[in-house]
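Visitor: Please pick a single strand of this structure and go through it closely. After that, I would like to see some other parts of the chain in the same way.

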Amino acid sequence: VDKSIIVWDIHGLNVLAMVYCDQVPQTMQLSPNGKVLFSGYRAEPDQHGKLAAHDADTGVLLWQTDCAHMYQVCQIVLSPDSSLLVSGGGPQTDHNSIDNSISIWNASNGKQVYTIENAHKDYIVALQISPDGESFYSAGGDRSISAWATVSGEKLWTTDQAHEGAIDSLAVAPNGFTLFSGSRDKDINVWDSSTGIKIRAHVGAHKESAQQVGVLIKDAISALVFAPDGSKLVSVGMDKSVSFWACDAGQILKTKSALQLPQYVVNPDASLVLTTTEHAVTSWSAISGQVVATRQSSSRTSVLNMNDELLLTGHEDGTVTIWGQHGSEPVHITAAHESRVESIVIPPPNLPWLRSRGPVFISTDRHSSKVWSLETGEAVSCGDFDPFLPLSASARVPFSALGMALSNTLARNTT
């Protein structure tokens, strides 16, 4: 919402770089080599939805298309060879009007190749492309799924009423033979990617019954991700659950695990998983699943972060607690803010402004950001220097292929 894109180390959740934008980022994807970040944006009033590409090593803008879609860019997907970018349009902010078009772009310069008008009867909610790049798949707010030829935009097949609820996610198996769709009806459906024929439905993949709160459906399956070898599928639900499925020829065989957790973080060597529940933070062995340590606090935990040695928890009462990774007693308690701690960042140690200050962390509430010593928990003076500026200016740390790394980590930790 603050119009920034932050790149994180996926193990310690530390900031590697930041990119500032002139619209709110809605969707993004890294190129397979991790060199280019593509992003689509939600339009401001009286503006159109933009597309942009940034150099992933420097954060420099490579190209920008100011009128990619009428209102917002809901989804983007990159072809496997990084030559083409597919984008889908979305609704106006007040949902009185929609852009239901799909556009194809030259990924190297942002030039439009062609547009498919009225691709669905509603806006585009999900996009995926086949592993060979010859076809791509779209899901609309009208609950339909369609397949398209990438080069020409010709419709190959369409399936109306693919689900009883709205579709929020698509995933293509790495072998390209099957397409998976996740919906707010709790189901994951499996389709023959060449014909659109339903192969199988897994009913009730995420268990809570349908309940609408505002515009959020609690049990919506909001994301589907395959492990690179196709052996596992990960589904994420709006019911705060993450399920791991073993797959064979497009069939879901069993659930590996389900997490019903408000927050969790994995330590840098992936040996521990830390979870929060009310006033406690618990460390679990990622290998055995046994509890390693439980840490109690007087105020509810709102955010957590960690590095190789320490765990940091921010709380509703504005305090930040520093813990050892394996201990149950706090090392330091810092009265950091007057209101709820919204974020904790451990910046890269090689930033110029840190060289004389030692290891630090940055905490924020809704009104301020402050810098603290990791060793003592005491405030660190930065004068008039904004601690977030060097994170933006020093975006020299290369982006890694975060999506691929996440898939590999999930597959490794669930075998």
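Guide: The strand chosen here is E8, and 5 bridges join E8 to strand E9 (residues 102–106), the two running antiparallel. Strands (E, at least two residues) and helices (H or I, at least four) are DSSP runs, numbered from the N terminus; two strands pair if DSSP finds at least two bridges between them. The model is predicted, with pLDDT of at least 70 needed for local features and 80 or more for side-chain atom pairs, while totals for chains, interfaces and linings use all residues. Residues are numbered from 1 along each chain as its sequence is written, and side-chain values use heavy atoms, with hydrogens and water left out.

One point of contact between E8 and E9 can be named: Leu84 stands opposite Asn106 in E9. E8 also has a partner in strand E7 (residues 73–78), and E7 and E8 pair in the antiparallel sense over 5 bridges. In this pairing, Gln75 has Gly88 of E8 as its bridge partner. E7 and E8 form a hairpin with 5 residues between the strands, and in it Ser82 takes a positive phi near 65°.

Next comes the burial of E8, where buried means under 20% relative accessible area (1.4 Å probe, protein chains only), exposed over 50%, and partly exposed in between. E8 covers residues 84–89, and 6 of its 6 residues are buried, so the strand is largely enclosed by the rest of the structure. Leu84, Val86 and Gly88 are buried on one side of E8, and Leu85, Ser87 and Gly89 are buried on the other, so that both faces are covered.

For the wider setting, the chain has 2 helices and 35 strands. It is made of 415 residues, of which 52% count as buried. Contact means heavy atoms within 4.5 Å. Among the contacts in the chain with a separation of 6 or more, 39% are between residues 24 or more positions apart.

Earlier in the chain there is an open sheet of 4 strands, with the order E3-E4-E5-E6 and antiparallel pairing. Its edges are strand E3 (24–30) and strand E6 (61–69), each of which pairs on one side only. Inside the sheet, strand E4 (residues 36–42) and strand E5 (residues 49–55) are paired in the antiparallel sense over 5 bridges. Here Val36 has Asp55 in E5 as its bridge partner. On to E6: E5 and E6 are likewise antiparallel, paired over 5 bridges. Their hairpin has 5 residues between the strands, and Gly59 in it takes a positive phi near 80°.

Two residues of E5 deserve a separate look. His54 lies in strand E5, and its bridge partner in E6 is Leu61. With a relative accessible area of 6%, His54 is buried. Neighbours within four places in sequence aside, the contacts of His54 include Val19, Lys35, Val36, Leu37, Ser39 and Tyr41, and also Gly59, Val60, Leu61 and Leu62.

Gly49 is also found in strand E5. Gly49 is buried as well, with a relative accessible area of 0%. Residues up to four places away in sequence not counted, Gly49 touches Gln23, Tyr41 and Ala43, among others, as well as residues such as Thr65, Cys67, Met70 and Val73. Gly49 and Val73 are 24 residues apart along the chain, and their C-alpha atoms are separated by 5.5 Å.

Last come the aromatic rings. Rings of Phe, Tyr and Trp (its six-membered ring) pair if their centres lie within 6.5 Å; planes under 30 degrees apart count as stacked, over 60 as edge-to-face and the rest as tilted. The structure holds 4 aromatic pairs. One of them is the tilted pair of Phe38 and Trp63, at 6.3 Å centre to centre with 50° between the planes. This pair links distant parts of the chain, with Phe38 in strand E4 and Trp63 in strand E6, 25 residues apart. Phe38 and Trp63 are both buried. Tyr137 and Trp157 form another tilted pair, at 6.2 Å centre to centre with 40° between the planes. Here too distant parts of the chain are linked: Tyr137 belongs to strand E12 (residues 135–140) and Trp157 to strand E14 (residues 155–159), 20 residues apart. Both Tyr137 and Trp157 are buried.
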